[in-house]
Amino acid sequence: MLGRAVVLGGSIAGLMAARVLSEHAEEVLIIERDDLAALDVSDERMAADPDAVGSRPGVPQGGQLHAMLPAGQMQLERWFPGFAEQAWAAGAVDTPPRAVRLYLNGQLNPHLPAAPGTEGTFASRAFLEALIRNRVLARPNVRVRHGRVDGLTMFGDTVTGVRFQPAGGGAALEAYADLVVDCTGRSSHLGAWVEAHGFPRAPMRRVGIKLTYATARVRRPADADVWIATSVVTPGPGRSARIGFFTPIEHDRWSVLVAGYGEDKPGRDPAQFLRRMGELPPEFRAVAADPDQIGEVATYHQADSRRRDFHLLERLPARLLVAGDAVASFNPTYGQGMSAAMLHASCLSLYLREDPDLDRPARSYFADVNLVVDAAWQSAAQIDVALPHVTGPYPRGYRMTKWFSDRVVAAARKDERVNRDVSRVSSLLAHPKTLARPAFLLRVLTR
């Protein structure tokens, strides 16, 4: 269908887009600012060496705790059959069933699995990205060019390629393309690039979350009873919103995260990190029982969640698509980013399998991506706008939905079926609209 497809960015979103495009294009070219060749590592080396995999410099949050939701794991198996088994062989963790704890305001949720992503394959972000990268770049029609994209080339209303500066200097080059997919992340310059050709930027929505989180890695004993734990403290009298989370990763380790909002910022000091863990439920205190195992603490600040509503644009260039954080980036504590990017890849597959007219804007693609974005955004933004320091924008009917959301949370603590339905939504396995079914509403209101 395509001669050459060009993917901007070698992130997880870019790699997944390249995987899909490899079935529809003679050649798929990934243009990436980071030197992916320098990050090349085999599965065998990953299994043997805990220091074999490093985060890409272009992913400042790469060393932080990441979670792959069930929806993302399903997409990985779809596009890379046997991915879980290959990941386990390389060192990823298959968590034992029921080895999970979820606390809300210090109280244990009795229904398990209680949190999204508590069953399946666990590993660090860099480890998962390396596994995906190995499989994508092994495809014979996918190749990578190390460089920085500076803009688009167009003929009329149609994108014909990109301009990029190759790594190491030299003259800027142009790469023609039958299709361009922007996967350059939340700091994407696509708005300026399309404006240079007379097209409007996509309208952007922001929620100012002012989140700071810190992650450390600690040794995980083989006889651990609890492998995953989440502690969520909601704002209220005498308490500030805080989050604690730990999951197993490769090479018998835990990745442990603490997070706060506004001025309640965790820092890089290991002693402060331990103090915050000591204020969490007993499972966290047990993980931090040996202070000597807390090494370097990495921090990351995200000022806002944001989404670009491409589906609302009246004018769009043809042969141009966008995926991953370049469309929407969410509060990272909900673990939606990687899974949403993988669902975007399936939206791309659906679009291309429908034999579209590529000389027209890809409106059906952006409509499908918007469904994915809405599913994640509604779940996250409803919680985020309730934080005291967040001033909106508030969704339509916020007071009513806030009242009902509080009832849902209370019902989920008492009713396993309600808990299961809510977990499917927060896992991106179901759309929030499923919680508007009459049977679900009645169950919540009578609990």
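## Strands β2, β7 and β8

Strand β2 (residues 25-32) and strand β7 (residues 142-155) run parallel and are joined by 5 bridges. One pairing fixes the register: Ile30 has Val144 as its bridge partner in β7. The model is a predicted one.

Strand β7 also pairs with strand β8 (residues 158-166). Here the two strands run antiparallel, and 8 bridges join them. Gly151 stands opposite Arg163 in β8. The hairpin of β7 and β8 has 2 residues between the strands. Gly156, in this hairpin, takes a positive phi near 65°. Strand β7 thus takes part in a parallel pairing with β2 and in an antiparallel pairing with β8.

## The β11-β17-β19 sheet

Elsewhere, 3 strands form an open sheet. Their order is β11-β17-β19, and the pairing is antiparallel. β11 (204-207) and β19 (328-329) stand at the edges. Each has a single partner strand, so one side of each is left without a neighbour in the sheet. Helix α10 (residues 363-384) packs on this sheet and touches β11, β17 and β19. The direction of α10 makes about 150° with that of β17.

The pairing of β11 with strand β17 (residues 305-308) extends over 4 bridges, in the antiparallel sense. Within it, Val207 has Ser305 as its bridge partner in β17.

## Helix α7 and its buried side

Which residues of helix α7 (residues 270-278) are buried? They are Phe273, Arg276 and Met277. These residues cover an arc of only 100° around the axis, which puts them on the same side of α7.

The buried residues of α7 pack against several elements. The strands are β12 (211-219), β14 (242-249) and β15 (253-261). The helix is α8 (282-287).

## Ser188 in a loop

Ser188 lies in the loop between β10 (179-182) and α6 (190-195). Is Ser188 buried or exposed? Its relative accessible area is 12%, so Ser188 counts as buried.

The side chain of Ser188 reaches forward to the helix: the backbone nitrogen of Leu190 is at 3.1 Å. Ser188 also has contacts beyond its neighbours within four places in sequence. These are with Asp182, Arg308 and Ala326.

## Salt bridge Arg201-Glu195

Glu195 belongs to helix α6. Its side chain meets that of Arg201 in a salt bridge, 3.0 Å from N to O. Both partners have some accessible surface. Arg201 counts as partly exposed because its relative accessibility is 46%. Glu195 counts as partly exposed too, at 42% relative accessibility.

## Salt bridge Arg443-Asp415

A salt bridge also joins the side chains of Arg443 and Asp415, at 2.9 Å from N to O. This pair links distant parts of the chain, with its residues 28 apart. Arg443 is in helix α13 (residues 438-445). Asp415 is in the loop between α11 (398-414) and α12 (416-426).

How accessible is each partner? Arg443 has a relative accessible area of 23%, so it is partly exposed. Asp415 has a relative accessibility of 5%, so it counts as buried.

## A network of charged residues

Some salt bridges share partners. Those that do so here join Glu32, Asp34, Arg56, Arg125, Glu129 and Arg133 into one network. Across the whole structure, a search finds 30 salt bridges.

Within the network, the side chains of Arg125 and Glu129 meet in a salt bridge, with an N to O distance of 2.9 Å. Why are Arg125 and Glu129 separated by about one helical turn? They are 4 residues apart in helix α5 (residues 125-137), and that spacing gives the turn. Arg125 and Glu129 are both buried. In general, side chains of opposite charge can pair when their charged atoms come close.

Definitions and conventions
Residues are numbered from 1 along each chain as its sequence is written. This is a predicted model: local features need pLDDT of at least 70, side-chain atom pairs count only at pLDDT 80 or more; totals for chains, interfaces and linings use all residues. Side-chain values use heavy atoms; hydrogens and water are left out. Two strands pair if DSSP finds at least two bridges between them. Buried means under 20% relative accessible area, exposed over 50%, partly exposed in between (1.4 Å probe, protein chains only). A polar contact is a pair of N or O atoms within 3.5 Å; within protein, one must be able to donate a hydrogen and the other to accept it, and residues adjacent in sequence count only if both atoms are side-chain atoms. Contact means heavy atoms within 4.5 Å. The arc is that of the directions from the helix axis to the C-beta atoms. Axes are lines fitted to C-alpha atoms, for helices over the stretch in contact, and angles run from 0 to 180 degrees between N-to-C directions. A salt bridge is a side-chain nitrogen of Lys or Arg within 4 Å of a carboxyl oxygen of Asp or Glu.
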